[in-house]
Amino acid sequence: MATDYYAVLGVRRDASQDEIKKAFRRLARELHPDVNPDPKTQERFKEINAAYEVLSDPQKKQVYDLGGDPLSASGGGGGGAGGFGAGFGNFSDIMDAFFGQASQRGPRSRTRRGQDAMIRLEVTLDEATFGTTKEIQVDTAVVCTTCSGEGAAPGTSAQTCDMCRGRGEVSQVTRSFLGQVMTSRPCPQCQGFGTVVPTPCPECAGDGRVRSRRTLTVKIPAGVDNGTRIQLAGEGEVGPGGGPAGDLYVEIHEKPHTVFQRRGDDLHCTVTIPMTAAALGTKVPLETLDGIEEIDIRPGTQSGQSIPLHQRGVTHLRGGGRGDLVVHVEVITPSKLDPQQEDLLRQLAKLRGEERPMGEFKPGQQGLFSRLKDAFNGR
């Protein structure tokens, strides 16, 4: 043997294919002509290129180990020393040498995971507070029952592509500054699948799935809010080729309530009462989510005051308990009085010494940051 290819790559004669490839990658990065343009380095690069071409091919390696010269026997004697790229199996070997990554080869599967889907579901405030169960109708892709997801018409099947012979890719040899480089691309006849379907299923046109309407039962947990999404695993679109289905997301939209306004898990409403009721006190019935409750308006209640009803709000989605129901009081001052009513109010004002009140002036209403500043300053 004129050349010891094992010595050229610096590996033992019993080195594994992985060790041979690692040694070649390391030397290729050091000696490539783009990195070291020196003529001696280029000759050295040709040597490791030829050594890798022999030792990475099981058949050529066997010929070499038996004392033969596989490059000369195959008419490629100049291949190991002629072109910089002759030892690369294809373009991905160059990528492997410089980036240390192995490209994915072989046909791609016709079966792929389906896409996720999302629908919107409206619920009432009561349903959002206490939870419920609803039935929904979903239009998604399902497995074609005619071909069971295979994509081929009944009685037929996919066949190996005669252009790429099932590899899913075709190779092309081009010349470059590296010499002859073999590049690969998806097979144009089978689109990289490695198989073709001569007779597609008439129901799904070879896709392996069809559109269908289904009815699903969705459990709505207590405490959901606008924008809450409920995930139903595996209830989305079935993938091409009858692949696994994606997930279905149900997005909650809460209908506005006629009385209550929701703020987080608290509910707010406003009750308007006449001036006399605010002064003397009264009880006002309120239809809450839990039934009718009496709101106790204490004597002397001022407009703008709030009355909290604890644990009467929305259920906390995470954790126990509920929010509060806050009732805001608005006192209505009568704008039109008949003579008798006006006389009675004048008598009341006289009894209270409020015939000509001077009024009490205070600074204008402070903003939030001003109130916080005063609180920190102890005012």
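This is a short talk on the aromatic rings, one sheet and the cysteines of the structure above.

Hi everyone, thanks for coming. Please keep in mind that we are looking at a predicted model.

Let's begin with the rings. How many aromatic pairs does a search of the whole structure find? The search turns up one. The partners are Phe-24 and Tyr-52, and their rings are stacked, with 4.0 Å from centre to centre and 5° between the planes. I like this pair, as it links distant parts of the chain. Phe-24 belongs to helix α2, residues 17-31, while Tyr-52 belongs to helix α3, residues 39-55, and the two are 28 residues apart. Are these two residues buried or exposed? Phe-24 has a relative accessibility of 1%, so it counts as buried. Tyr-52 is buried as well, with a relative accessible area of 7%.

While we are on rings, have a look at Phe-193. The charged end of Arg-108 sits over the ring of Phe-193, at 4.1 Å from the ring centre.

Now over to the sheet. Here we have three strands in an open sheet, and the order runs β1-β9-β8. The pairing is mixed. Which strands are at the edges? Those are β1, covering 117-123, and β8, covering 229-232, and each of them pairs on one side only. If we ignore direction, neighbouring strands in this sheet are turned by 25° against each other on average. Let me zoom in on β1 and β9, the latter being residues 248-254. These two strands pair in the parallel sense, over seven bridges. If you want a spot to click on, take Glu-122, whose bridge partner in β9 is His-253.

Last topic: cysteines. How many disulfides does the structure hold? The count is zero. So why do Cys-147 and Cys-204 not count as a disulfide? Their sulfurs are 3.6 Å apart, and that is too far for a bond, because a disulfide needs the two sulfur atoms within 2.5 Å. Cys-204 holds the cysteine sulfur closest to that of Cys-147, and Cys-147 itself is buried, with a relative accessible area of 6%.

Cys-190 tells a similar story. The closest cysteine sulfur to its own is in Cys-164, 3.7 Å away, so this pair is also too far for a bond. Cys-190 counts as buried too, at 1% relative accessibility.

That's everything from me. Happy to rotate the model and take questions!

Terms used
Residues numbered from 1 in each chain as written. Predicted model: local features only at pLDDT ≥ 70, side-chain atom pairs only at ≥ 80, totals over all residues. Heavy atoms only, no water. Phe/Tyr/Trp six-rings, centres within 6.5 Å; stacked < 30°, edge-to-face > 60°. Helix = DSSP H or I, 4+ residues; strand = E, 2+ residues; numbered from the N terminus. Buried < 20%, exposed > 50% of the residue type's maximum accessible area, 1.4 Å probe, protein only. Lys NZ or Arg CZ within 6 Å of the ring centre and 35° of its normal. Pairing = 2+ DSSP bridges. Axes fitted to C-alpha atoms, helices over the stretch in contact; angles between N-to-C directions.
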